[in-house]
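Q: I've got a new model open on my screen and I'd like to learn how to read it. Can we start with how helices pack?

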Amino acid sequence: MAVLTISRKLGSNGNKIAKAVAEKLGYRLIDKDFIGAVLEEYGLVEFDREYDHLPSIWERLDLEKKERREVLVGMIQRVVRALAKMDNMVILGRSGYLILNEYANVLNVRIHAPMLHRAAQIATEKGISVEEAEEIATQSDKVSANFVETFYGIDWDDTRTFDFVINGEKIPAEFVANNLVKATRYIEEKELDAAKTTASIKEEATLRSVILEQFE
């Protein structure tokens, strides 16, 4: 089977595409709310703030906070791998493309769009001005870039780790979703060495149980 990771820039239609792909494939859509719920079972209740927050210079120098973020990142990696082990998943964000990049049955997708398009999309969704929306998009980019560069040592705008890079302004979401479904079906039908797929991920029984509880 297969796994998709979808990394997107805020306002680029990435969420819409991920949802459509999951529905068409009959896969589970894994977003930050789902992963946050799993992490809460492990006492990591500050998931949203720690992941979606740009740390100040003082927070970067605070060893206790640094260690807490490292624990969080380590746990996110474990959860994403456990989900990938189960197959048939569309994983939205959470650096899935970096965590699962080595596996042959994983397709890594980046959805981007020009800032003006993204700001217009956000403004419409939130009922705010385009100027305010652009500030939100810019801040979102900074947070994501900081996270990826801090914990993975990679430039967030480096697209070499992706199998597909798609401009959400030029290409309609439905068209993108349909073609990602075709690409996924192709991966499903390929004869792959199990040792090079997510099937080779070591299973954590307790974590699997926690995840299955969230599926109910």
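A: Happy to. Start with α1 and α9, which are oblique to each other. Keep in mind that this is a predicted model.

Q: What angle and what axis distance go with the packing of helix α1 and α9?
A: The general idea comes before the numbers: two packed helices are described by the angle between their axes and the distance between the axes. Here helix α1 (residues 14-25) and α9 pack at an angle of about 45°, and their axes are 9 Å apart. That angle falls outside the ranges for parallel, antiparallel and perpendicular, so the pair is called oblique. As for handedness, α1 passes α9 in a right-handed crossing.

Q: Which residues of α1 and α9 meet?
A: On the α1 side, look for K16, I17, A20, V21, K24 and L25. They meet A173, E174, V176, A177, N178, L180, V181, T184 and R185 of α9. Sorted by class, this contact has 9 nonpolar, 2 polar and 4 charged residues.

Q: Let me zoom in on A173. Is A173 buried or exposed?
A: Buried: the relative accessible area of A173 is 12%, and the cut-off for buried is under 20%. A173 sits in helix α9, which covers residues 173-189. If you skip the neighbours within four places in sequence, A173 is in contact with K16 and I17. Try a C-alpha to C-alpha distance as well: A173 and A18 are 9.3 Å apart in space, though 155 residues separate them in sequence.

Q: How do α7 and α8 pack?
A: Apply the recipe again. Helix α7 (residues 115-126) and helix α8 (residues 130-152) pack at an angle of about 115°, with 8 Å between their axes. The two are therefore roughly perpendicular to each other. The crossing of α7 and α8 is right-handed. From α7, the residues involved are M115, R118, A119, I122, A123 and K126, and they meet V130, A133, E134, I136, A137, T138 and D141 in α8. By class, that contact comes to 8 nonpolar, 1 polar and 4 charged residues.

Q: Now the nonpolar cores. Which residues touch the most other members of the largest nonpolar core?
A: A core is read as a network, and here you'd begin with L83, L100 and I211, which touch the most other members among its 27 residues. The elements giving two or more residues to this core are α2 (32-40), α5 (63-86), β3 (89-92) and α10 (205-215). The largest share, 9 residues, is from α5. Take L83 as a test case: leaving aside neighbours within four places in sequence, L83 is in contact with I30, F34, M89, I91, I211 and F215. Another core of 23 residues lies apart from this one, and its members include A2, A18, L107 and V109.

Q: What about backbone angles? What is phi of R94, and what is phi of S95?
A: The background first: most residues other than glycine have a negative phi. R94 has a positive phi, near 60°, and phi of S95 is also positive, near 60°. R94 is in the loop between β3 and α6 (96-99), and S95 is found in that loop too. R94 is buried at 7% relative accessible area, while S95 counts as buried at 6%.

Q: To finish, how many helices and strands does the protein have?
A: There are 10 helices and 5 strands. Of the 216 residues, 46% count as buried. Among contacts between residues at least 6 apart in sequence, 77% join residues at least 24 apart.

Notes: Residues numbered from 1 in each chain as written. Predicted model: local features only at pLDDT ≥ 70, side-chain atom pairs only at ≥ 80, totals over all residues. Heavy atoms only, no water. Axes fitted to C-alpha atoms, helices over the stretch in contact; angles between N-to-C directions. Helix = DSSP H or I, 4+ residues; strand = E, 2+ residues; numbered from the N terminus. Parallel < 35°, antiparallel > 145°, perpendicular 65-115°, else oblique. Left-handed = near helix turned anticlockwise from the far one by under 90°. Contact = heavy atoms within 4.5 Å. Nonpolar A, V, L, I, M, F, W, Y, C, P; charged D, E, K, R; others polar. Core = buried A, V, L, I, M, F, W, Y, C linked by side-chain atoms within 4.5 Å. Buried < 20%, exposed > 50% of the residue type's maximum accessible area, 1.4 Å probe, protein only.
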